[in-house]
Amino acid sequence: MAQQKFDKGSEEWMMFTEYWALCQSVWQTEDSDEYWQEAINKCKAFGEKYQGVFGDFSIWLAKSLLFGYLEKKGAKG
């Protein structure tokens, strides 16, 4: 299987590093409108920032974090 190394400073490295930071910034869910609005805004900004380079992949990552993980985690309390 082919493998790809993402060199430090490459667009891929930057995107995944920023995704890591995004996850850390919203990981602990809160039951407040302010938290959810900030999480939505951060995810949207991330997805749009890298969409020109990676197409829908960055949007998919952001939506997966928001709707695939945080929303389900928040619903559990």
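Okay, Y19: buried or exposed? Its relative accessibility is 16%, so Y19 counts as buried, since the cut-off for buried is under 20%. Keep in mind that this is a predicted model, so everything I say today is computed from that prediction.

Who does Y19 pair with? Its ring pairs with the ring of F46: the centres are 5.5 Å apart and the planes sit at 45°, so we call the pair tilted. Y19 belongs to helix α1 and F46 to helix α2, so this pair ties together parts that are 27 residues apart in sequence. And F46 has a relative accessibility of 2%, so F46 counts as buried too.

Let's step back to those two helices. When two helices pack, people describe them by the angle between their axes and the distance between the axes. For α1 and α2, the axes come within 11 Å and cross at roughly 175°. Over 145 degrees counts as roughly antiparallel, and therefore that is what we call α1 and α2. Which residues make the contact? On the α1 side they include M14, M15, Y19 and L22, and on the α2 side they include A39, C43, F46 and Y50. Sorted by class, the α1 and α2 contact has twelve nonpolar residues, five charged ones and one polar one.

Now, the loop. Between α1, residues 11-26, and α2, residues 33-54, you'll find T29. T29 has 17% relative accessibility, so T29 is buried as well. What does T29 touch, if we skip its neighbours within four places in sequence? The answer is Y35, W36, L70, K73 and G74.

Back to aromatics. How many aromatic pairs does a search of the whole structure find? Eight. Y19 with F46 is one you've met, the tilted one. Another is W27 with Y69: here the ring centres are 4.2 Å apart and the planes are at 20°, so this pair is stacked. W27 is in the loop between α1 and α2, while Y69 is in helix α3, residues 56-76, so the pair links distant parts of the chain, 42 residues apart. How accessible are these two? W27 comes out at 37%, so W27 is partly exposed, and Y69, at 31%, counts as partly exposed as well.

One more thing to look for on the screen: ring pairs link F6, F16, F57 and W60 into a cluster. Try finding those four rings yourselves, and then go back to Y19 and F46, the pair between α1 and α2.

Conventions: Residues numbered from 1 in each chain as written. Predicted model: local features only at pLDDT ≥ 70, side-chain atom pairs only at ≥ 80, totals over all residues. Heavy atoms only, no water. Helix = DSSP H or I, 4+ residues; strand = E, 2+ residues; numbered from the N terminus. Buried < 20%, exposed > 50% of the residue type's maximum accessible area, 1.4 Å probe, protein only. Contact = heavy atoms within 4.5 Å. Axes fitted to C-alpha atoms, helices over the stretch in contact; angles between N-to-C directions. Parallel < 35°, antiparallel > 145°, perpendicular 65-115°, else oblique. Nonpolar A, V, L, I, M, F, W, Y, C, P; charged D, E, K, R; others polar. Phe/Tyr/Trp six-rings, centres within 6.5 Å; stacked < 30°, edge-to-face > 60°.
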